[in-house]
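Here is a small set of exercises for getting to know a new structure. Take each task in turn, look at the model, and then read the worked solution.

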Amino acid sequence: MTWGIRPLLRGSTYTGVLFAYCGALVSLPLLPFALLPAALWRSAPESVQIVLVLLVWAALVGSAGLVRPVRRALVVAARRLLRVPLPDPVAGRRTSGSPGLDRWRTPLWLVLHVAVGWMGALASGVLFVMGIALPGNWIGGEARLSLFGTSFQASGGWSWVAGAVCIVLAVAICVLVTKALRWSAPRLLGPSAAERLALAAEREMLLAERNRIAHELHDSIGHTLTAATIQAAVAGEMLSADPAAARAAMRSIEESTRAALEDLDYVLGVLREEQSGTAPTRTLADLPGLLDRLRHAGAVVEPEVSGELAQVQGTLSRAAYRILQEGLTNALRHGAGGPIGIEVAAGPDVLDLTVVNRTGARTDPGAGPGVFPTSGHGLSGLAERVRLLHGEFRAGPDGAEHWRLSVRLPVRMSA
């Protein structure tokens with residue numbers, strides 16, 4: 001009982017019937033063109049002429065589906081009137097790898113839409129007229145039902161029963177018309193296999209881009225906040241004893257936070273899908289400035305650079321800067337004092353990056369009291385960045401009181 005009542009209570013049933021009947025009415029202007037072949041071939045049997053008219057009419061209706069805006073309009077209409085969750089068609093892309101059948105899905109939907117609309121309109125219309133006319137005998141005749149050789153004449157009180165049955169059948173046809181369109185819309189108007197692959201590729205690229213942005217934000221903002229916190233503490237302690245050193249620390253905070261704000265502004269623009277400015281690019285050429293900010297924070301840095309850094313360019317140089325930045329940030333966060341060793345060796349085929357810091361009795365730089373709070377994603381983010389560059393990544397204890405971060409990147413992968 002509920003199966004028959006619930007569809008009638010849904011607004012999509014009535015709007016779906018309206019959608020079907022409108023599709024049938026829209027096809028009417030094409031009917032005169034479909035009659036031309038039959039008019040030219042008058043000697044053909046009547047049945048052949050009818051079939052010919054229907055085939056030409058179907059071809060004319062279906063050809064409208066080859067126009068791209070028609071499909072978009074049908075998707076919007078089906079989404080609103082049939083209440084079917086259809087995504088927007090992939091705009092501005094021709095899927096060369098899609099099967100030839102995909103381009104005929106929309107024409108097939110149009111033909112089905114018109115056919116279902118006309119059959120539903122004719123059947124339900126006749127039944128509604130009969131359901132209204134039979135009880136009052138408005139058509140001046142008698143209704144007779146013949147089934148399996150048995151005839152039944154609707155007269156008297158039975159005419160009211162026959163009228164009610166006609167109304168129920170008309171409503172059932174409306175429900176079936178809506179169900180047929182709702183079932184076929186996702187299969188014929190929904191994205192094709194090639195479009196689903198294209199959408200999945202777009203989502204994958206978007207996720208990869210956002211993941212890359214998250215790494216950039218973690219490296220830049222995390223390093224800046226760590227260095228600024230230490231520099232602020234140094235400036236507070238030396239404000240009265242050595243004002244010049246305190247002012248230098250404050251200037252370093254200003255420079256590092258300004259750079260971090262540039263990174264943050266770019267990242268927020270990308271996440272909001274706005275037209276952001278050019279992405280801030282920091283390469284190995286900016287390494288001296290990074291080391292100066294660490295020295296202003298009171299850290300002792302012992303760099304050792306060998307090879308021609310000028311040959312390291314593009315993506316590799318930017319990635320190397322971020323790797324060293326994250327390694328130095330971890331050394332500031334979790335180090336136990338002492339010098340921080342940095343080695344950058346640029347060879348003809350590989351680029352070696354090493355950061356060594358003292359951890360005291362701890363062998364895990366992320367454990368122990370008094371360390372900076374951390375998300376724990378720093379080393380995993382570095383490992384992923386190195387993997388994407390086809391490099392080698394190692395991080396772990398180096399003896400009893402030191403922690404070593406070692407990265408080897410192939411120079412041939414720079415671009």
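**Exercise 1. Check the length of helix 11 (residues 314–334) against its expected span.**

Step 1. Helix 11 has 21 residues, and at 1.5 Å a residue these should span 30 Å.
Step 2. The C-alpha atoms at the two ends are 31 Å apart, which agrees with the expected span.
Step 3. Now look at the surroundings of helix 11: 18 of its 21 residues are buried, so the helix is mostly covered.
Keep in mind that this is a predicted model, and that the protein chain as a whole has 12 helices and 7 strands.

**Exercise 2. Find out which elements build the largest nonpolar core, and which one gives the most.**

Step 1. The largest nonpolar core has 32 residues, and those touching the most other members are Leu324, Leu328, Leu351, Leu353 and Leu409.
Step 2. At least two residues of this core come from each of helix 10 (287–296), helix 11, strand 4 (340–346), strand 5 (350–358), helix 12 (378–388) and strand 7 (402–410).
Step 3. With 9 residues, helix 11 gives the most to this core.
Step 4. Zoom in on Leu324. Leaving aside neighbours within four places in sequence, Leu324 is in contact with Leu284, Leu287, Ile342, Val344, Leu353 and Val355.
Step 5. Another core lies apart from this one; it has 22 residues, including Val53, Val84, Val114 and Val116.

**Exercise 3. Locate the aromatic pairs and decide how the rings of each are arranged.**

Step 1. There are 2 aromatic pairs to find in the structure.
Step 2. Begin with Phe19 and Trp109, whose ring centres are 6.4 Å apart and whose planes make an angle of 25°. Planes under 30 degrees apart count as stacked, so Phe19 and Trp109 form a stacked pair.
Step 3. Place this pair in the chain. Phe19 belongs to helix 2 (residues 11–26) and Trp109 to helix 6 (residues 105–136), so the pair ties together parts that are 90 residues apart in sequence. Both Phe19 and Trp109 are buried.
Step 4. Go on to Trp57 and Trp118: here the distance is 6.2 Å centre to centre, with 55° between the planes, and the pair is tilted.
Step 5. Trp57 sits in helix 4 (residues 46–63) and Trp118 in helix 6, so this pair too links distant parts of the chain, 61 residues apart.
Step 6. Compare how covered the two residues are. Trp57 has 13% relative accessibility and therefore counts as buried, whereas Trp118, with a relative accessible area of 23%, is partly exposed.

**Exercise 4. Count the salt bridges and describe three of them.**

Step 1. The count comes to 4 salt bridges.
Step 2. Asp292 and Arg295 meet through their side chains, at 3.2 Å from N to O. Both residues lie in helix 10, 3 residues apart, which is about one turn of the helix. An α-helix has 3.6 residues a turn, so residues three or four places apart point the same way. Asp292 is partly exposed, with a relative accessible area of 37%, and Arg295 is also partly exposed, at 37%.
Step 3. Arg358 and Glu401 form a salt bridge at 3.4 Å, N to O. This pair links distant parts of the chain, with Arg358 in strand 5 and Glu401 in the loop between strand 6 (392–397) and strand 7, 43 residues apart. Arg358 is partly exposed at 32%, and Glu401 is partly exposed at 36%.
Step 4. In the salt bridge of Asp398 with Arg404, the closest N and O atoms are 3.1 Å apart. Asp398 is partly exposed, with a relative accessible area of 31%, and Arg404 is partly exposed at 30%.

**Exercise 5. Count the disulfides, and say whether Cys22 and Cys174 are buried or exposed.**

Step 1. A disulfide needs two cysteine sulfur atoms within 2.5 Å, and by this rule the count is 0 disulfides.
Step 2. Cys22 has 37% relative accessibility, so Cys22 counts as partly exposed.
Step 3. Cys174 has 13% relative accessibility and therefore counts as buried.

**Exercise 6. Describe the protein chain as a whole.**

Step 1. The protein chain has 415 residues, of which 37% count as buried.
Step 2. Among contacts in the protein chain with a separation of 6 or more, 73% are between residues 24 or more positions apart.

Technical notes
Residues numbered from 1 in each chain as written. Predicted model: local features only at pLDDT ≥ 70, side-chain atom pairs only at ≥ 80, totals over all residues. Heavy atoms only, no water. Buried < 20%, exposed > 50% of the residue type's maximum accessible area, 1.4 Å probe, protein only. Phe/Tyr/Trp six-rings, centres within 6.5 Å; stacked < 30°, edge-to-face > 60°. Helix = DSSP H or I, 4+ residues; strand = E, 2+ residues; numbered from the N terminus. Expected span 1.5 Å × (residues − 1). Core = buried A, V, L, I, M, F, W, Y, C linked by side-chain atoms within 4.5 Å. Contact = heavy atoms within 4.5 Å.
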